[in-house]
Structures are given as C-alpha cells and as structure tokens.
Amino acid sequence: MSDFSLFSTFHLGPLELRNRTVMAPLTRSRATPEGIPTALMEAYYAQRAGAGLIVSEGVVVSPQGVAYPRVPGLYNDEQVEAWRRVTRAVHEQGGVIFAQLWHVGRQSHSSVQPDGLPPFAPSPVRIENYRYYRKPDRLPYETPRQLSREGIRKVIDQYAQAAARAMAAGFDGVEIHAANGYLIDQFLNSGSNQRTDEYGGSPANRARFLHQLLDAVATHVPPSRVGVRLSPSSTWMDALDEDKTALHSHVVAALNRHGLAYLHLVEPEIAGSTTAEIAEDAVPTEKLAALFRGPVIVTGEHDLASAEQRLADGVADLVGFGRTFIANPDLPERLRTGSPLNPPEKRTFYAGGAEGYITYPSLAEEDRWAQLRAAIEEGTISAAAHLEQLSSRTPLDLVRSGELHSLHQLRELVATYSTVS
Ligand SMILES: Cc1cc2nc3c(=O)[nH]c(=O)nc-3n(C[C@H](O)[C@H](O)[C@H](O)COP(=O)(O)O)c2cc1C
C-alpha cells in the first residue's frame with residue numbers, strides 16, 4: 001500500500017489521527033426537543049470512533065440558528081454537560097471529534113424562531129426554488145429579516161461562545177459550517193447577499209463575515225483546531241452566485257491567513273445531502289485544493305478507490321464519508337478488509353429513535369450475533385432471558401462490549417417467536 005493509503009496515520013495540527021477517513025457531518029435529529037444530546041448519540045458516535053476524525057452533525061450556535069427539530073445545540077450549560085458524555089465516549093474508544101458549528105440563516109422559519117418572526121439573513125432575499133419541510137407540510141420559505149451590523153456582531157459572538165463551549169465539552173476542535181446555503185454561505189453568495197455595506201459587494205466584502213467570525217473563534221480555540229467547510233459548487237437552497245469560481249478562489253486563498261487545521265471541500269456532485277447533477281458553474285475541487293496551504297478534506301460520493309485516488313493525486317489529505325458512515329459504524333475496518341458494506345436506509349436518516357441509528361452492525365458485532373444465535377438455536381441460551389439481560393444495560397455499555405447489535409436482533413427474534421406461538 002502506498003504512503004497515501006487511507007489507512008495511514010495523519011498529523012492534524014496537534015492531533016494524531018489513526019487513519020485518513022473522516023466521518024462527514026450528518027444531521028440525524030436524535031437530540032431532545034430542547035437541543036440536548038442524548039444517550040443514543042453517545043452510543044452512535046462511540047460506534048464510529050474508528051474514523052480518523054469525526055465531524056459532528058451540525059450543532060446550532062443559538063436558538064435562532066435552527067431549522068429542524070431535535071437538532072443539538074451548544075448555547076447553554078446543559079448542552080455542554082451532555083456533549084461531554086458524547087466526547088468522553090468517543091475518546092474512550094480512541095477517536096477524535098470536532099463539533100460542526102451551524103447557523104441556518106434564511107433556511108429557518110418563523111414557526112421555529114423564538115420570537116415567531118421570520119429568520120435572520122444577510123439580506124431580505126427569500127429562497128424561491130425549495131420548500132421548508134415541517135412534517136407533513138412543505139411550506140414556502142419566508143422573506144428573512146436583514147441582520148443589522150449590531151445583529152452581525154451578536155451572531156459572531158454566538159459562534160465564539162459556542163466554540164468555547166465546544167472545547168469545554170471536550171471536543172478536539174470545531175468545524176465552521178460555511179457550506180450548503182446556510183448563514184455563512186448566504187453571506188458568500190451574491191444571490192443571497194445584496195448588502196451595500198462592508199459585508200456586501202466584492203467577494204472580499206462578502207467573505208468579511210467569515211473572517212471576522214474566524215478571528216472571534218480564535219480567541220477561544222487555537223486555529224490549529226479549527227476547520228472550515230465549503231460547498232463551492234452547490235446551488236442547493238438557492239446558493240447562487242454569478243461567478244462561483246472567482247468567489248471561492250478568493251475565499252480559499254484568503255483563508256490561508258488564519259492557519260487553520262483544515263479546509264473541508266464538498267465535491268461538485270453533491271447538493272446538500274444527496275447526489276445530483278454537477279452544476280454548470282461547478283468549481284473543480286483540484287483547483288481550490290491547490291490554493292490552500294494546509295490539510296484538505298474532500299467529501300462526496302467516495303468509495304475506497306476514489307478516496308485513494310484523491311490522496312494519490314495530492315488533492316486531499318483526508319477523505320470524508322457521509323451516507324456510508326451512517327450505515328457502517330466500522331467503515332474504515334470494512335474498507336481496509338474489503339468487507340461488504342451495509343446499505344444506508346434513507347427512511348431512518350431523520351426518523352428519531354434507535355432504528356437505523358445505532359442498529360447497523362459492525363463486523364465484530366455480526367460475528368458475536370452469529371455465535372449467540374447458534375447458542376440460542378442449540379438451546380444453550382434462552383433468547384428471552386438474554387434479551388432481558390441486555391435490555392437492562394445502556395446503549396453505550398453495549399457498544400463497549402460489542403453487543404448492541406445483538407440487543408436489536410434479539411428484540412426482533414423474541415417478537416417473532418411470540419407472534420408465531
Ligand atoms: C442525513 C444527512 C445529514 C447531513 N447533515 C449534514 C450536516 O449537518 N452538515 C453538513 O455540513 N453536511 C451534512 N450532510 C452532507 C454530508 O456531510 C456529505 O457532504 C454528503 O452526504 C455527501 O457525502 P457522501 O456522498 O459520502 O454521503 C448530510 C448528509 C446526509 C445524508
């Protein structure tokens with residue numbers, strides 16, 4: 001295997017990563033309605049600690065920054081306490097985890113804003129080509145309220161406070177979510193930023209919000225522990241700009257002055273959370289990666305071969321996997337050993353609950369379950385008694401012992417027996 005192998009170690013600033021796979025940020029809607037991380041989340045992230053780096057799901061920096069239910073936050077002490085349990089569980093398994101800091105801007109809706117008014121954005125330009133999903137409705141987006149200069153200062157401070165809280169919660173660093181048409185991307189793109197002050201106009205002015213925010217975050221977190229995520233080619237959620245190449249070439253080159261841990265680029269074939277046709281004005285990942293003087297992560301539609309190719313070509317140092325990490329908690333191990341991959345089930349992406357969240361098995365759990373099942377079939381072990389014993393333990397405890405998958409398989413088995421008999 002070459003030195004560029006996905007399975008070689010990597011020094012990310014002060015951190016030693018055990019391989020070059022990254023678990024991409026994935027919103028899974030398993031927090032409480034108050035945005036507090038749950039015990040399910042501890043188990044889920046601990047299961048995936050074999051990644052070189054985990055980037056957490058988007059974590060909102062304020063109650064105004066939210067669009068969807070059960071998304072976690074980092075704006076109060078209770079959230080910090082609960083995240084501490086998640087980061088501890090990941091560290092205990094030898095993993096490294098960054099918090100992705102998120103504010104959705106105009107992708108929010110008055111129905112989830114604390115004051116019941118339309119959300120905040122750089123300019124009062126609403127999203128026309130998409131709908132806001134509020135179960136079971138698809139509603140038109142609203143014309144957002146324009147952030148005043150004072151409002152901008154407040155939001156920047158919320159990011160800085162959330163970054164400080166992330167470190168207090170035991171995260172190894174933070175990733176600033178400047179992708180996918182959310183607030184920072186709304187400042188970057190001319191379609192959503194029509195300001196005439198120092199935050200609008202030229203690419204340099206439109207990037208001012210991101211730079212000021214990074215400076216503010218740097219007062220709490222060393223830049224060697226701060227990454228930035230961009231989706232330069234995506235037009236999802238009306239992320240429209242008259243010249244994406246010029247804009248992002250400027251942004252990436254200008255990011256060099258911050259001395260960041262990494263730049264995280266979403267590949268052109270990704271629109272938000274799905275694969276789509278490459279946009280007409282797509283910006284080649286190679287072009288932007290070459291402008292950045294630091295580690296680069298690329299994410300989007302990668303498998304082992306394409307990931308290794310990105311490393312061998314010198315385009316990326318690390319490769320992110322999203323949907324395949326949802327379905328394969330031990331993805332690096334499966335890739336390394338050429339084992340089959342579990343397919344992701346879209347139905348459970350945001351469904352809440354354990355199913356499709358912590359129930360995908362690792363290879364080791366599949367083995368354990370096969371042994372347990374054989375013992376049940378031989379009559380050495382009672383399925384119902386074993387289920388009762390496993391049910392009394394916490395999901396994290398079951399992750400530690402490699403028996404989480406058995407619990408869910410046993411539940412199905414016992415339910416089937418009881419309906420049959
Ligand atoms: C269920 C789901 C949730 C996602 N949530 C986030 C998120 O919170 N933040 C983010 O930057 N990207 C998010 N994404 C995008 C992924 O990080 C990634 O860019 C995308 O899935 C493409 O990678 P893949 O082809 O390996 O899945 C999400 C994607 C999916 C499928």
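Tutor: A polar contact is a pair of N or O atoms within 3.5 Å; within protein, one must be able to donate a hydrogen and the other to accept it, and residues adjacent in sequence count only if both atoms are side-chain atoms. This is a predicted model, where local features need pLDDT of at least 70, side-chain atom pairs count only at pLDDT 80 or more, and totals for chains, interfaces and linings use all residues. Residues are numbered from 1 along each chain as its sequence is written, and side-chain values use heavy atoms, leaving out hydrogens and water.

Student: Which backbone atoms lie close to a ligand oxygen, at 2.8 Å and 2.7 Å?

Tutor: A polar backbone atom of Gly-322 is 2.8 Å from an oxygen atom of the ligand, and a backbone N or O atom of Glu-301 is 2.7 Å from one. Thr-27 uses a polar side-chain atom instead, 2.6 Å from a ligand oxygen.

Student: Is Arg-20 buried or exposed?

Tutor: Buried means under 20% relative accessible area, exposed over 50%, partly exposed in between (1.4 Å probe, protein chains only). Arg-20 is buried.

Student: What does the side chain of Arg-20 reach?

Tutor: A salt bridge needs a side-chain nitrogen of Lys or Arg within 4 Å of a carboxyl oxygen of Asp or Glu. Arg-20 has none; the nearest side chain of opposite charge (Lys and Arg count as positive, Asp and Glu as negative; His and the chain ends are not counted) is Asp-317, 5.0 Å away. Still, the Arg-20 side chain gets to the backbone oxygen of Asp-317, at 3.4 Å.
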